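Good morning, colleagues. Please take a moment with the sequence and the model on the screen, and then I shall go through the fold and the ligand site.

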Amino acid sequence: MFGLFKKFKDGLSKTFTAIGDKTRGLFGGRKIDAASLDELEEALYTADFGVETTEEILAEIKTAYRKDPELKGRRAAEIGANVLTRVLTGSEAELRDGLPVPAALPAGETGPTVIIMIGVNGSGKTTTTAKLAWLLKQRGKSVLVAAADTFRAAAVEQLKSWATRLDIEIVASHTGADSAALAFDALQAAKSRGHDYLIIDTAGRLHTKSNLMEELAKIRRVLQKLQPSAPHHSWLVVDGSLGSNSIEQARVFHKNFGLTGLVVTKLDGTSRGGAVVGIWRELKLPIAYVGLGEQPDDLQPFEADNYARAVFGLE
Ligand SMILES: Nc1nc2c(ncn2[C@@H]2O[C@H](COP(=O)(O)OP(=O)(O)O)[C@@H](O)[C@H]2O)c(=O)[nH]1
Ligand SMILES: [Mg+2]
């Protein structure tokens with residue numbers, strides 16, 4: 001468990017450092033005072049925790065401070081982490097031993113657990129597809145990835161190069177190929193080869209959003225021809241450094257596609273890691289994984305408590 005917490009702590013160090021800097025190291029042990037409360041409030045806003053959460057954290061720290069004028073920063077950090085954990089109740093997507101829950105297939109149906117990665121360009125779909133495949137492979141599961149972002153030339157190559165590097169089976173076609181046909185072929189292959197999981201990477205171009213939604217719907221239709229219960233996990237991949245922008249996008253995808261969960265990426269690259277809380281509060285979609293770096297093993301099951309403690313620099 002400690003190893004997993006360290007991942008969160010390292011991954012969220014930019015957010016923690018930014019809060020720590022703005023509050024002049026308040027959490028190091030200094031006593032709380034009126035100035036540091038103001039600084040903390042500003043720091044939490046800057047880290048993208050949003051109005052509601054920031055106010056809740058401040059209110060609880062102020063209450064404790066009134067009761068104990070000697071209140072230390074460290075205790076304030078613990079109060080803050082407790083508030084976050086409470087706000088994030090229910091935000092952890094159900095996983096099985098840290099892996100996507102295997103599909104409970106209806107009688108007579110066979111096939112893999114199908115996961116589809118959705119989201120705008122640059123959110124981290126392709127990278128997350130590769131990382132998740134790697135995680136599954138390391139845990140002894142057989143996995144196939146499908147390069148269904150056939151829109152961008154680089155996208156197919158990107159997933160292919162990950163697949164080669166990590167020795168993961170892939171179904172890919174040429175740029176401009178029909179993405180639904182590719183997803184169909186991939187599912188057929190996964191069924192006939194008996195794979196445990198199929199992960200489908202998709203396109204995310206923004207300028208033709210309605211076409212994108214149609215394309216995603218078509219992918220789902222063809223998958224269901226082969227395996228009516230698929231896809232089993234429809235995850236939106238959101239860039240955690242984009243804050244409220246991600247929330248709007250997520251609403252559009254959720255309305256059109258019906259998502260089952262989220263992957264929040266790039267938390268390591270931002271001092272605005274508080275966005276996770278706003279995303280949860282607004283969407284109430286469970287978070288399956290978070291991206292805490294660019295390496296294959298930097299995808300971690302989301303754990304609210306680890307996240308909350310890491311943000312406040314606790315152990
Ligand atoms: N630091 C960091 N970079 C990430 C993470 N996830 C994705 N990226 C990077 O974000 C960029 C876009 O990712 P990509 O998977 O191509 O996005 P896609 O367009 O949605 O497929 C790439 O340079 C990735 O290496 C993450 O968790 N942390
Ligand atoms: Mg991609």
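The chain contains twelve helices and ten strands. Its radius of gyration is 21 Å, close to the 20 Å that the globule rule gives for 315 residues, so the chain is as compact as a globular protein of that length. Taken along the principal axes, the box filled by the C-alpha atoms is roughly 65 × 40 × 35 Å. I should state that this is a predicted model.

Let me turn to the ligand. Where does ligand 1 sit? Ligand 1 occupies the largest pocket. The shell around ligand 1 is made up of 18 residues, and the closest are Gly122, Lys125, Thr127, Asp268 and Glu294. Which helix gives the largest share of this shell? That is helix α6, residues 125–138, with four residues. By class, ten residues of the shell are polar, six are charged and two are nonpolar.

Now to the individual contacts. In the side chain of Lys125, a polar atom lies 2.7 Å from an oxygen atom of ligand 1. Lys125 is also listed among the closest residues to the ligand. For Arg152, an N or O atom of the side chain is 3.3 Å from an oxygen atom of ligand 1. Gly293 contributes through its backbone: a polar atom there is 3.3 Å from a ligand oxygen atom. On its own, ligand 1 has 580 Å² of accessible area, and the protein covers 82% of that area.

Thank you; I welcome your comments.

Definitions and conventions
Residues numbered from 1 in each chain as written. Chains lettered and ligands numbered in written order. Predicted model: local features only at pLDDT ≥ 70, side-chain atom pairs only at ≥ 80, totals over all residues. Heavy atoms only, no water. Near = heavy atom within 4 Å. Polar contact = N/O pair within 3.5 Å; in protein donor to acceptor, adjacent residues only side chain to side chain. Areas by Shrake-Rupley, 256 points an atom, 1.4 Å probe, with all protein chains shown as cover. 1 Å grid on protein atoms, 1.4 Å probe; cavity = no way out; pocket = protein on both sides within 12 Å on 5 of 7 lines; lining within 4 Å. Sits in = over half its atoms within 2 Å of the grid points. Helix = DSSP H or I, 4+ residues; strand = E, 2+ residues; numbered from the N terminus. Nonpolar A, V, L, I, M, F, W, Y, C, P; charged D, E, K, R; others polar. Rg over C-alpha atoms; globule rule 2.2 N^0.38 Å.
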